[in-house]
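Student: I have a structure open and would like to go through it with you. Could we begin with what the exposure words mean?

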Amino acid sequence: QVQLVESGGGLVQAGGSLRLSCAASGSTSGIFVMGWYRQAAGKQRVLVAEISSGGTTTYADSVKGRFIISRDNGKNTVTLQMNSLKPEDTALYYCSAWKLVFTRRDDYWGQGTQVTVSS
């Protein structure tokens, strides 16, 4: 099992910045992709950004150029630097990770951290 613990959410004015961090513990060996998803009230959970163990990144179009994802494989941490925040970025942000166990993909989720952007 892998445990993911997020930190860094909060309230910020539009145009401001926040930094989210996530630390993985437990059976972290073999984690391939770590990332962040978000879920706004009444909406589905969607991908924000993810990064592979090799450093390949993927971003949602809505955050490209504003958010930066980074990862420390040695410390099993992933960070999301969020700049130029907009009210529409308000959501519950979840850290995610997945790894392959033989041919089975195991997904893991954190508890979520709230990000609120005021206009």
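Tutor: Certainly. A residue is called buried when its relative accessible area is under 20%, exposed when it is over 50%, and partly exposed in between. Please keep in mind that this is a predicted model.

Student: Then is Asp 107 buried, partly exposed or exposed?

Tutor: Asp 107 has a relative accessible area of 39%, so it counts as partly exposed.

Student: Where does Asp 107 sit?

Tutor: Asp 107 belongs to strand β10, which covers residues 104-109.

Student: And what does Asp 107 touch, apart from its neighbours within four places in sequence?

Tutor: With those neighbours set aside, Asp 107 is in contact with Ala 97 and Trp 98. There is also a polar contact of 3.0 Å between the side chains of Asp 107 and Arg 105.

Student: How far is Asp 107 from Gln 1 in space?

Tutor: Their C-alpha atoms are separated by 9.7 Å, while the two residues are 106 residues apart along the chain.

Student: New topic: the sheet. What is the order of its four strands?

Tutor: The order is β1-β3-β8-β7, in an open sheet with antiparallel pairing. At the edges are β1 (2-7) and β7 (67-72), each of which pairs on one side only. From one strand to the next, the twist averages 15°.

Student: So what are the partners of β8?

Tutor: One partner is β7, which pairs with β8 (residues 77-82) in the antiparallel sense over six bridges. The other is β3 (residues 18-26), which is also joined to β8 by six bridges and runs antiparallel to it.

Student: Which residues face each other there?

Tutor: Between β7 and β8, Ile 69 has Leu 80 as its bridge partner, and Arg 71 stands opposite Val 78. From β3, Leu 18 stands opposite Met 82 of β8.

Student: Is β8 mostly covered or mostly open?

Tutor: Strand β8 is mostly covered, with five of its six residues buried.

Student: How do β7 and β8 connect?

Tutor: They form a hairpin with four residues between them. Asn 76 is in the loop between these two strands, and its phi is near 55°, a positive value in a residue other than glycine.

Student: Which other residue has a positive phi, near 60°?

Tutor: That is Phe 102, which is likewise not a glycine. Phe 102 is placed in the loop between β9 (91-101) and β10.

Student: Why does Phe 102 count as exposed?

Tutor: Its relative accessibility is 82%, and exposed means over 50%.

Student: Back to Arg 71. What is its charged surrounding like?

Tutor: Arg 71, which lies in strand β7, is buried yet has no salt bridge. The nearest side chain of opposite charge is that of Asp 72, at 8.1 Å. A salt bridge would require a side-chain nitrogen of Lys or Arg within 4 Å of a carboxyl oxygen of Asp or Glu.

Student: What does the side chain of Arg 71 reach, then?

Tutor: It reaches the backbone oxygen of Phe 32 at 2.9 Å. In addition, a polar atom of the Arg 71 side chain lies 3.1 Å from the backbone oxygen of Ile 51.

Student: And which residues beyond four places in sequence are in contact with Arg 71?

Tutor: Among them are Ile 31, Val 33, Met 34, Ser 52, Ser 53 and Thr 77. Phe 32, Ile 51 and Val 78 are also in contact with Arg 71.

Methods
Residues numbered from 1 in each chain as written. Predicted model: local features only at pLDDT ≥ 70, side-chain atom pairs only at ≥ 80, totals over all residues. Heavy atoms only, no water. Pairing = 2+ DSSP bridges. Axes fitted to C-alpha atoms, helices over the stretch in contact; angles between N-to-C directions. Buried < 20%, exposed > 50% of the residue type's maximum accessible area, 1.4 Å probe, protein only. Contact = heavy atoms within 4.5 Å. Polar contact = N/O pair within 3.5 Å; in protein donor to acceptor, adjacent residues only side chain to side chain. Lys, Arg positive; Asp, Glu negative; His and termini not counted.
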